[in-house]
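Me: Hi! I have a protein model open and would like to learn how to read its helices. Could you walk me through it?

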Amino acid sequence: MSILLSLFLKLSAFSLIAFGGVNALLPVLFDLAVNQEHWIDVQTFSDYFAIAQAAPGPNFMTVTLIGWHIYGVLGALLATFAVSWPSSILVYYLQRLITGMKNPLSKKTIQYAAAALAIGLVLSSAFQIALQINHSQAAYILTIGTIAITLLTRWHPLYLIAIGGALGVLGFI
């Protein structure tokens, strides 16, 4: 039962700093789950992240899958609740504060600052995760190529996922 308490407390604290969603703090989640607590290994983390991104639903599904891996259905439910409740309460009160503001310039300033913070955290997270899971030159080339194609074309992301999957099946990655 102590592993459930540890899971709940650590993910609850994690939730308070997950500004921009859980994906913004994937390196921290990776470090917690793989390096500190040894709940899962690198490959399992990558697999769970891929499943969570491919499946419809919330971005924090990676956390749910980690909880499921640790303690089954109870772990999944507890992990999902732990990563949801603190940030939900925080956002509720922050939104009430913003809605109650009389100065429209102050409202816009807070909203733009929050958006910039979330975008910065997500970009930093993507960079850190790429450094942690890319272990070959081919993986780095695929990552850089995907970024370039995303920025320079209007390709649908599913094409890029299919290319990455095909390269993995063929043994290039």
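Me: Let's begin with helix α1 and helix α2. At what angle do their axes cross?

Reply: This is a predicted model. In it, the axes of α1 (residues 2-16) and α2 cross at roughly 165° and come within 11 Å. Angles over 145 degrees count as roughly antiparallel, so α1 and α2 are roughly antiparallel to each other.

Me: Is the crossing of α1 and α2 left-handed or right-handed? And which residues meet there?

Reply: The crossing is right-handed. On the α1 side you will find Lys-10, Leu-11 and Phe-14, and they meet Val-28, Leu-29 and Leu-32 of α2. Sorted by class, this contact has 5 nonpolar residues, no polar ones and 1 charged.

Me: Some of those numbers are three or four apart. Why do residues three or four places apart point the same way in an α-helix?

Reply: An α-helix has 3.6 residues a turn, so residues at that spacing point the same way.

Me: Now α2 and α3. How do these two helices pack?

Reply: Helix α2 (residues 26-36) packs against helix α3 (residues 42-54) at about 140°, with the axes 10 Å apart. That angle makes α2 oblique to α3. Once again you can check the handedness: α2 and α3 make a right-handed crossing.

Me: Which residues make the contact of α2 and α3, and how do they divide by class?

Reply: From α2 come Leu-26, Leu-29, Phe-30 and Val-34, while α3 supplies Val-42, Phe-45 and Phe-49. The tally is 7 nonpolar, with no polar and no charged residues.

Me: Let me pick out Leu-26. Is Leu-26 buried or exposed?

Reply: The cut-off for buried is under 20% relative accessible area. Leu-26 has 4%, so it is buried. Leaving aside neighbours within four places in sequence, Leu-26 is in contact with Phe-45, Phe-49, Ser-125 and Ile-129.

Me: Ser-125 and Ile-129 have much later numbers. Where do they sit, buried or exposed?

Reply: Both belong to helix α5, where Ala-118, Ser-125, Ile-129 and Ala-130 are buried. The cover over the buried residues of α5 includes α2, α3 and α6 (137-152).

Me: And Thr-62? How accessible is it, and what does it touch?

Reply: Thr-62 lies in helix α4. Its relative accessibility is 1%, so Thr-62 counts as buried. Not counting residues up to four places away in sequence, Thr-62 touches Leu-29, Phe-45, Tyr-48, Phe-49 and Ala-52.

Me: For contrast, what about Leu-77 in α4? Is Leu-77 buried or exposed?

Reply: Leu-77 sits in helix α4 (residues 61-100). Exposed means over 50%, and Leu-77 has a relative accessible area of 57%, so it is exposed.

Me: One more skill, please. How far should the residues of a helix span, at 1.5 Å a residue?

Reply: Try α5 (residues 104-133). At 1.5 Å a residue, its 30 residues should span 44 Å, and the end C-alpha atoms are 43 Å apart, which agrees. Helix α7 (residues 157-169) passes the check too: its 13 residues should span 18 Å, and its end C-alpha atoms are 18 Å apart.

Me: What follows α7?

Reply: Look for Gly-171, which follows α7 and has a positive phi, near 90°.

Definitions and conventions
Residues numbered from 1 in each chain as written. Predicted model: local features only at pLDDT ≥ 70, side-chain atom pairs only at ≥ 80, totals over all residues. Heavy atoms only, no water. Helix = DSSP H or I, 4+ residues; strand = E, 2+ residues; numbered from the N terminus. Buried < 20%, exposed > 50% of the residue type's maximum accessible area, 1.4 Å probe, protein only. Expected span 1.5 Å × (residues − 1). Axes fitted to C-alpha atoms, helices over the stretch in contact; angles between N-to-C directions. Parallel < 35°, antiparallel > 145°, perpendicular 65-115°, else oblique. Left-handed = near helix turned anticlockwise from the far one by under 90°. Contact = heavy atoms within 4.5 Å. Nonpolar A, V, L, I, M, F, W, Y, C, P; charged D, E, K, R; others polar.
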